[in-house]
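Here's a quick tour for anyone meeting this structure for the first time. Have a look at the model below, then follow the notes topic by topic.

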Amino acid sequence: MTHHSPANESVRMTVTKEPDVETRTALAAFCRRNRFPHLYSEVLEPLLSRGGLVLALATTERPWPPKGIGSKTVEAVGIAMIGSENRAHLTPVLTDRRNATNIGLVGALTKQLLEHLREADVPSAGYLVRQGDRALERALEQAGFAEADFQSSTDFADYLEFSATPQKVLDALSLGRLSLGDLLALGLDGGELDRLSSYHFALSAGLTAYLQDSIRYAAMLPGLIDLIATSPPGGVPPGTPGPPLE
């Protein structure tokens, strides 16, 4: 048994494209509690109202009353934005601070999200990584990702997409063969734990600057960002999601 195992036993896991009002409120509270409230108000809320997001959620529920605003608490969330050609743009799993080292919960959410994308016939899922950021590139390569054809730019850096089929990532991280119960109890061997830990901690570190509202230093762009606005001159590359926010 690990430190997080008892708490993980009460976690409910769901994947949804249309979260109800209780879930949206809980997600807003999650972002505020973890000191990136702008992520919900400026990005998630507008995108959720337009569709195209897939959320893998780990939540807990209060004993009473079981329904209504405040009835749910988001413990962690994995997000995919479905773009053109049905390609998925990923945001690393975001965790509440108390779950920062809860690799079992992160692995279970990652499994849920990738399996949903696979069943939805999504051909590829990817992350945007700052060009030349070798530590992030290596963490993704070990998880089955490879450099793809999509590139994007901000005023401060160029970013390359690393993508893979959902099944390839499931296999590389051993998530396909592990049950949710095994993951939540962290019943992994040393090599599996090493790969999953490297994957999560590297991506979390890479996203930190963006979550702190400092895109200048962002080693990774989330799959939620306005990719059209950050695309290089000459047009929008394949795989770019819908039109920019107004």
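Let's start with Glu141: at 29% relative accessibility, this residue counts as partly exposed. Its side chain meets that of Arg134 in a salt bridge, with 3.0 Å from N to O. Keep in mind that this is a predicted model, so every value here is computed from predicted positions.

**Salt bridges**

- Arg134, the partner of Glu141 in that salt bridge, is also partly exposed, at 45% relative accessibility.
- How many salt bridges are there by the rule used here? The count comes to 15.
- Another one joins the side chains of Arg177 and Glu192, at 2.1 Å from N to O.
- Arg177 sits in the loop between α6 (166-172) and α7 (180-184), while Glu192 belongs to helix α8 (residues 190-211), so this pair ties together parts that are 15 residues apart in sequence.
- Is Glu192 buried or exposed? Glu192 is buried, with a relative accessible area of 4%, because the cut-off for buried is under 20%.
- Arg177, on the other hand, counts as exposed, at 57% relative accessibility.
- Then there's Glu119, which forms a salt bridge with Arg118; the closest N and O atoms of the two are 3.1 Å apart.
- Glu119 is exposed, with a relative accessible area of 58%, whereas Arg118 is partly exposed, at 32%.
- Some of these links join up into a network of salt bridges, which takes in Arg33, Glu75, Asp96 and Arg98.

**Thr60 and strand β2**

- Glu75 turns up again here: its side chain and that of Thr60 are joined by a polar contact of 2.9 Å.
- Where does Thr60 lie? You'll find Thr60 in strand β2, which covers residues 53-61.
- Thr60 has 18% relative accessibility and therefore counts as buried.
- Setting aside residues up to four places away in sequence, Thr60 touches Ser10, Val11, Ser71, Lys72, Thr73 and Glu75.
- The strand around Thr60 is mostly covered too, as eight of the nine residues of β2 are buried.

**Who pairs with β2**

- Strand β1 (residues 12-16) pairs with β2 in the antiparallel sense, over five bridges.
- To spot that pairing in the model, look for Met13, which stands opposite Ala58 in β2.
- β2 also pairs with strand β3 (residues 72-82), again in the antiparallel sense, and there the bridges number nine.
- A handy marker for that second pairing is Leu53, which stands opposite Met81 in β3.

**Strand β7 and its partners**

- Strand β7 (residues 158-164) is mostly covered, with six of its seven residues buried.
- Which way do strand β5 (residues 125-130) and β7 pair? They pair in the antiparallel sense, over six bridges.
- Strand β6 (residues 146-153) also runs antiparallel to β7, and five bridges join the two.
- β6 and β7 form a hairpin, with four residues between them.
- Phe162 in β7 is a good residue to look for: Tyr127 stands opposite Phe162, and Phe162 is the bridge partner of Glu147 as well.

**The second largest pocket**

- What volume does the second largest pocket have? Its volume is about 380 Å³.
- The lining of this pocket is made up of 17 residues, and the closest to its centre are Phe36, Thr95, Ser204, Thr208 and Leu211.
- β4 (88-95) and α8 each supply at least two residues of that lining.
- α8 gives the most to the lining, with six residues.

**Gly187 in its loop**

- Gly187 lies in the loop between α7 and α8.
- With a relative accessible area of 46%, Gly187 is partly exposed.
- Leaving aside neighbours within four places in sequence, Gly187 is in contact with Leu178 and Asp182.
- How far apart are Gly187 and Thr2 in sequence and in space? They are 185 residues apart in sequence and 9.4 Å apart in space, C-alpha to C-alpha.

Note on methods. Residues numbered from 1 in each chain as written. Predicted model: local features only at pLDDT ≥ 70, side-chain atom pairs only at ≥ 80, totals over all residues. Heavy atoms only, no water. Buried < 20%, exposed > 50% of the residue type's maximum accessible area, 1.4 Å probe, protein only. Polar contact = N/O pair within 3.5 Å; in protein donor to acceptor, adjacent residues only side chain to side chain. Contact = heavy atoms within 4.5 Å. Pairing = 2+ DSSP bridges. Salt bridge = Lys/Arg side-chain N within 4 Å of Asp/Glu carboxyl O. 1 Å grid on protein atoms, 1.4 Å probe; cavity = no way out; pocket = protein on both sides within 12 Å on 5 of 7 lines; lining within 4 Å. Points joined across faces, edges and corners; volume = space filled by probe spheres on them.
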